[in-house]
Amino acid sequence: MSDRLILAPLHGITNRVFREAYFKRFAGFDEAMAPFILSSRSCGAKGAHFKELLPGYSERAPLVPQLLSNDAQGFLATVRSLAELGYREVNWNLGCPYPMVTGKGRGSGLLPHPHTVTAFLDAVCADSPLPLSVKLRLGLRDPDEILALMPLLEPYPLTRIIIHPRVASQLYTGSVDLEGFAAAIRGTKHRLVYNGDITSVDTFMHLRRRFPGIDEWMIGRGALADPFLPGRLKGLPDDGRALETLEAFLDDVYEGYSDTLSGPRHVLDKLKELWGYLAPSYPEHQRLVKDIQGAKSAEAYRRAVNAFFRQ
Ligand SMILES: Cc1cc2nc3c(=O)[nH]c(=O)nc-3n(C[C@H](O)[C@H](O)[C@H](O)COP(=O)(O)O)c2cc1C
């Protein structure tokens with residue numbers, strides 16, 4: 001399959017510890033997008049701001065950083081720093097659905113204001129040292145918002161437009177709106193990436209048949225629930241060692257967080273969050289997963305994980 005698969009950005013989850021462990025153990029993704037950082041007019045490339053994106057740390061797959069911003073000058077200052085760090089593309093987040101973000105006119109809060117979006121793009125595209133892509137939802141509240149925006153995006157030199165076909169008020173609930181996606185992409189000359197609810201080979205095949213012009217797909221929660229999914233979508237052979245691989249991956253994540261977070265409590269929280277995404281893939285082992293999620297100490301966590309993998 002020649003289609004490209006991109007690991008979606010999930011703030012607090014697909015950060016560098018996760019990516020390092022994931023790409024060491026699982027195949028299928030061609031690229032990853034980093035969770036958003038906020039733009040800032042004053043931070044240089046070595047600032048704490050870039051902790052997650054600094055070099056000297058070997059990313060195992062090409063990484064595209066993402067910025068959440070409504071301030072073109074801050075955005076440009078941050079993009080200059082990212083260019084100094086060697087990145088080749090930057091993504092502008094127009095999808096974040098949370099009211100504390102949208103209420104400040106950021107993320108999908110900008111979608112009902114297409115002329116604010118184009119004013120930002122006018123300023124950024126004129127001066128950006130890096131090519132730009134955007135990640136959108138269909139709208140803040142109304143899936144027709146994107147219909148007003150898409151034609152206005154045509155003149156800009158965007159590398160691609162990633163669309164998650166939900167409105168922000170849905171957050172991540174309800175179903176994806178494939179009609180809305182079809183309407184949004186009609187007529188655009190931009191390169192497009194589909195993102196949303198790719199959770200199985202069947203859903204993927206359905207989407208490929210429905211949107212034959214799309215050959216880049218971004219996957220988030222589907223890969224958290226089943227880290228082997230991208231490999232299966234690519235038709236890669238199964239080595240018959242799924243459980244060993246999953247266990248080794250989780251061990252790597254545990255170790256990575258133990259090295260970077262302060263205190264076992266934070267490490268456990270991160271691991272439990274990952275198990276929350278994995279849990280639906282193991283309906284027959286709900287009790288064992290519950291034990292893992294209920295673990296109050298590193299020892300209890302280890303015992304529960306051992307019980308899961310030994311059964
Ligand atoms: C916990 C969480 C954090 C997220 N953080 C980001 C983010 O930093 N940037 C972004 O563009 N999207 C973010 N998203 C949205 C995902 O990138 C993706 O668009 C969404 O999960 C739909 O894709 P999926 O169904 O394959 O997961 C986040 C989603 C979740 C659930």
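## Exercises on a predicted model

The buried residues of helix α6 (residues 178-185) are Gly180, Phe181 and Ala184. Keep in mind throughout that this is a predicted model.

### Exercise 1: The faces of helix α6

**Task.** Work out how the buried residues of α6 are arranged around the helix axis, and find what they pack against.

**Solution.**

1. Look down the axis of α6: its buried residues fall within an arc of 100°, so they line one face of the helix.
2. A general rule helps here: an α-helix has 3.6 residues a turn, so residues three or four places apart point the same way.
3. Now turn to the face of α6 directed away from its buried side, where you will find the exposed residues Glu179 and Ala182.
4. Next, follow the contacts of the buried residues of α6, which pack against the strands β5 (132-139), β6 (158-167) and β7 (192-195), and against α5 (145-153).
5. Finish just past the helix: α6 is followed by glycine 187, which has a positive phi, near 90°.

### Exercise 2: Strand β4 and its neighbours

**Task.** Decide whether strand β4 (residues 90-94) is buried or exposed, then trace its pairing with β3 and β5.

**Solution.**

1. Start with burial: 5 of the 5 residues of β4 are buried, so the rest of the structure largely encloses this strand.
2. Sort the side chains by direction. Val90, Trp92 and Leu94 point one way from β4, while Asn91 and Asn93 point the other way, and all are buried.
3. This fits a general pattern: in a regular strand the side chains alternate between the two faces of the sheet.
4. On to the pairing: strand β3 (residues 63-68) runs parallel to β4 and is joined to it by 2 bridges. Leucine 67 has tryptophan 92 in β4 as its bridge partner.
5. To get from β3 to β4, the chain passes through helix α2 (residues 72-84), and this β-α-β crossover is right-handed.
6. β4 also pairs with β5, in the parallel sense, over 5 bridges. In β5, serine 133 is the bridge partner of asparagine 91, and lysine 135 is that of asparagine 93.

### Exercise 3: From β5 to β6

**Task.** Find how many residues of β5 are buried, and describe how β5 is joined to β6.

**Solution.**

1. β5 is mostly covered, with 8 of its 8 residues buried.
2. β5 and β6 run parallel and are joined by 6 bridges. For leucine 132, the bridge partner in β6 is leucine 158.
3. Add the helix to complete the picture: β5, α5 and β6 make a right-handed β-α-β unit.

### Exercise 4: Placing tyrosine 98

**Task.** Locate tyrosine 98 and judge its exposure.

**Solution.**

1. Tyrosine 98 sits in the loop between β4 and α3 (99-102).
2. Count its surroundings: with 14 other C-beta atoms within 10 Å, tyrosine 98 is partly exposed.
3. Compare sequence with space: tyrosine 98 and leucine 171 are 73 residues apart in sequence, and their C-alpha atoms are 7.4 Å apart.

### Exercise 5: Where the domains touch

**Task.** Describe the side of domain 1 that touches domain 2.

**Solution.**

1. Set the bounds: the domain assignment gives domain 1 (4-233) and domain 2 (242-310). Their centres, taken over C-alpha atoms, are separated by 28 Å.
2. Count the contacts: 14 residues of domain 1 are in contact with 16 residues of domain 2.
3. On the domain 1 side, α1 (16-25) and α8 (221-225) each supply at least two residues. The largest share, 7 residues, comes from α1.
4. Sorted by class, this side of domain 1 has 9 nonpolar, no polar and 5 charged residues.

Note on methods
Residues are numbered from 1 along each chain as its sequence is written. This is a predicted model: local features need pLDDT of at least 70, side-chain atom pairs count only at pLDDT 80 or more; totals for chains, interfaces and linings use all residues. A residue is buried if 20 or more other C-beta atoms lie within 10 Å of its own, exposed if 12 or fewer, and partly exposed in between; C-beta atoms are placed from the backbone. Helices (H or I, at least four residues) and strands (E, at least two) are DSSP runs, numbered from the N terminus. The arc is that of the directions from the helix axis to the C-beta atoms. Two residues are in contact if their C-beta atoms, placed from the backbone, lie within 7 Å. Domain bounds come from an automatic or database domain assignment. Ala, Val, Leu, Ile, Met, Phe, Trp, Tyr, Cys and Pro count as nonpolar, Asp, Glu, Lys and Arg as charged, and the others, Gly among them, as polar. Two strands pair if DSSP finds at least two bridges between them. A crossover is right-handed if, with the strands pointing away from the viewer, the path from the first strand over the helix to the second runs clockwise.
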